[in-house]
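Here is a quick walk through one fold, from its overall build down to a few ring contacts. Have the sequence and the 3D view open as you read.

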Amino acid sequence: MLHRATSADLDDLAAFLRTADLTVAALAEPAVRLWLERDQDGAISATTGFELGDDGEHALVRSVAVRPDLRGTGAGLRLAGFALDQAADAGAHEAWLFSRRSGGFWQKLGFGPTTTQALAAALPDAHQVALFRATGQLDREVAWHRPLPVRASFTA
């Protein structure tokens, strides 16, 4: 069952993301919202999340990973869709991500290629963007983008 990551999950979460070759920077930051699933033995089997930009309009999807034995089961699509829904519910109108290896996966969810410069302009203060700028990795990344559905908000 998917649940919001807590501070008690962070060490396990970082270890899981490292095995998936994903960025572990700023996992404990308030703008980074993460969820995970654990198997019957308590080991993390899947993760998903996003970082909401300072403007609230843009979200950087990150930490979408499933254990190798769960790949091809639809779990990744379900988790990525969950992160997109949560980002839209948080008020984001645009979703962005970095992915050098999984473009076909993200295209199934409506993402199209964009430039790293466009992503960095939309999310200039995102922790992953700052890390990639500082390390020179930004120019070696592949960026993806898609609009999010506008969620209606009603007040009584």
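Of the contacts in the protein with a separation of 6 or more, 64% are between residues 24 or more positions apart. Keep in mind that this is a predicted model.

How many helices and strands are there? The protein has 5 helices and 8 strands. Reading from the N terminus, the order goes β-α-β-β-β-β-α-β-α-β-α-α-β. The radius of gyration is 15 Å, close to the 15 Å that the globule rule gives for 156 residues, so the protein is as compact as a globular protein of that length. If you'd rather think in box dimensions, the C-alpha trace spans about 50 × 40 × 30 Å along its principal axes.

Now for inside and outside. Buried residues account for 44% of the 156 residues. The accessible surface adds up to about 8,000 Å², and carbon and sulfur atoms own 52% of that. As for charge, the protein carries 15 positive and 19 negative charges, and the mean positions of the two sets sit 5 Å apart.

On to the aromatics. Searching the whole structure turns up 5 aromatic pairs. Two of them, among those 5, are set out here.

| Pair | Centre to centre | Angle between planes | Type |
|---|---|---|---|
| Trp35 and Phe82 | 5.2 Å | 80° | edge-to-face |
| Phe98 and Phe132 | 4.9 Å | 65° | edge-to-face |

Why does the Trp35 and Phe82 pair count as edge-to-face? Because the ring planes stand at 80°, and the cut-off for that class is over 60 degrees. This pair links distant parts of the chain: Trp35 belongs to strand β2 (residues 32-38) and Phe82 to helix α2 (residues 75-89), 47 residues apart. Are the two partners buried or exposed? Trp35 is buried, at a relative accessible area of 7%, whereas Phe82 is partly exposed, at 25%. The cut-off for buried is under 20%, so Trp35 at 7% falls on the buried side and Phe82 at 25% does not. Trp35 and Phe82 also join Phe50 in one aromatic cluster.

The other tabulated pair again brings a strand and a helix together. Phe98 sits in strand β6 (residues 94-98) and Phe132 in helix α5 (residues 127-135), so the pair ties together parts that are 34 residues apart in sequence. Here both partners, Phe98 and Phe132, are buried.

Notes
Residues numbered from 1 in each chain as written. Predicted model: local features only at pLDDT ≥ 70, side-chain atom pairs only at ≥ 80, totals over all residues. Heavy atoms only, no water. Helix = DSSP H or I, 4+ residues; strand = E, 2+ residues; numbered from the N terminus. Rg over C-alpha atoms; globule rule 2.2 N^0.38 Å. Buried < 20%, exposed > 50% of the residue type's maximum accessible area, 1.4 Å probe, protein only. Contact = heavy atoms within 4.5 Å. Areas by Shrake-Rupley, 256 points an atom, 1.4 Å probe, with all protein chains shown as cover. Lys, Arg positive; Asp, Glu negative; His and termini not counted. Charge placed at Lys NZ, Arg CZ, Asp CG, Glu CD. Phe/Tyr/Trp six-rings, centres within 6.5 Å; stacked < 30°, edge-to-face > 60°.
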